[in-house]
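Student: Could we go through the helix packing and the aromatic pairs of this model, step by step?

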Amino acid sequence: MLLKTLGKEAACRRYCKVALELEDGAYGGIARWRGAQHWVEIVVRCAFTTEYTRIRPILVQTSGGGISLKSLLAVATVMAEAADFDTGRNSRMTVETIAERIKGGERTVQRARQALKLLRVATEVLRGRLRTKDERYASWRFNDKARGWASVWALHPSKPVDKTRIIVAGSIQMAPHPRSGHFKSFSSRREVLNTKRSVDKRAASRRTGSKVEAEKAEGVRKGLLLASKWLSNPRTPVWARRHTPRGWAPALTELAAHGWTAADLNDTIDAWSKATRMAPAPKHPIAFIRWLMKQQDLAFAPHVLAQIAADQQKAERERQAAAFEADRGRYATAAPADSPGRRAAMAAVPNAAAVRRRRQIIERRAAADARAELCAKQRGAENNWGHGR
């Protein structure tokens, strides 16, 4: 009906959706999903729970930060809504549109997409790009003013890790096909046990890599021990018990390496609460502790600072006691009050009361002489005035 009324071009200009066609075989090797809800709630959630610890360093290095499960599921839900219902393919939506729908930032969407790729539950079949001049003209004819193409994603079950590839001298080689028939050969047990791969696996603990791994494992063990003691401390806040000691261990590994204790953690939290006059109730406890510890000097734990202050106070008390003993010894060796020297010194010093009385007498005499002289001058002036008349 619309074709008859508006015509093919006018109807397509109004109702057609302009999209970039993919090449044949673009989805080759990509499995189909079992539905949007299954992909979001089971595939993505399980992949995040089991693999996020592994991919987080790569995500931080490539995208500048991590991603929470809540944000990841929000982005995954929006992407699933745009995908084909049956296959999970052809999910085309710009970063700006996703950010607007989840009411978040574009950087969060970019990190979530990168996380989905690292978790092997989504594949970017076609990377978004700007449209060419001819493509823009063709889009404008259909009333499409967009200047770029959105990335095309395929949402699928988690891909298994390909362990058949072997890295030799920096290059990746595929595992060879097994031999069969007349060309089948059986390796001796000695050859199998003495391959380079087996020797590397059986390397002694004195190797550099083994030492590093042992030190890392020891740091994690100390962090786990600190987390257990902290969570069992009665002063520890309730919100800290949302996570298990194993969940807290990575965040407390560096603190344990610097000798921090459970009391130090609680003292730091109490000091921050007093300084800000706020009772901490973080939504993400581990992130809050990481942020709070970045503001501390880890080399000087609270108990170390308290010990330094106590040592300084003890040294000050010892100094004051030594000065007091020195003064007391000096006074003890001084001459008694009735010694000949003290009597001679007191005799040489004039009586202060007598000196004060003599000074007062001299001042009174000087004042009387001044008044007498002033009176004499006034009488002489009056006599001279009378004789003049």
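Tutor: Before we start, axes here are lines fitted to C-alpha atoms, for helices over the stretch in contact, and angles run from 0 to 180 degrees between N-to-C directions. Keep in mind that this is a predicted model.

Student: How are helix α12 and helix α13 oriented, roughly parallel or roughly perpendicular?
Tutor: The axes of helix α12 (residues 262-276) and helix α13 (residues 285-294) come within 11 Å of each other and cross at roughly 80°. Angles of 65 to 115 degrees count as roughly perpendicular. That crossing therefore makes α12, relative to α13, roughly perpendicular.

Student: How many charged residues does the contact of α12 with α13 have?
Tutor: On the α12 side the contact is made by L265, T268, I269 and W272, and on the α13 side by F288, I289, W291, L292 and M293. Sorted by class, the contact has eight nonpolar residues and one polar residue, while the number of charged residues is given as no charged residues.

Student: Why is the pair of F48 and Y52 classed as it is?
Tutor: Both residues lie in helix α3 (residues 36-63), four residues apart, which is about one turn of the helix. Their ring centres are 4.5 Å apart and their planes are at 25°, so the pair is stacked.

Student: Which helices hold W230 and W248?
Tutor: W230 and W248 form an aromatic pair that is edge-to-face, with 5.0 Å centre to centre and 85° between the planes. W230 is buried, at a relative accessible area of 0%, and W248 is buried as well, also with 0%. The pair ties together parts 18 residues apart in sequence, because W230 lies in helix α10 (residues 208-232) and W248 in helix α11 (residues 245-257).

How values were computed
Residues are numbered from 1 along each chain as its sequence is written. This is a predicted model: local features need pLDDT of at least 70, side-chain atom pairs count only at pLDDT 80 or more; totals for chains, interfaces and linings use all residues. Side-chain values use heavy atoms; hydrogens and water are left out. Helices (H or I, at least four residues) and strands (E, at least two) are DSSP runs, numbered from the N terminus. Angles under 35 degrees count as roughly parallel, over 145 as roughly antiparallel, 65 to 115 as roughly perpendicular and the rest as oblique. Contact means heavy atoms within 4.5 Å. Ala, Val, Leu, Ile, Met, Phe, Trp, Tyr, Cys and Pro count as nonpolar, Asp, Glu, Lys and Arg as charged, and the others, Gly among them, as polar. Rings of Phe, Tyr and Trp (its six-membered ring) pair if their centres lie within 6.5 Å; planes under 30 degrees apart count as stacked, over 60 as edge-to-face and the rest as tilted. Buried means under 20% relative accessible area, exposed over 50%, partly exposed in between (1.4 Å probe, protein chains only).
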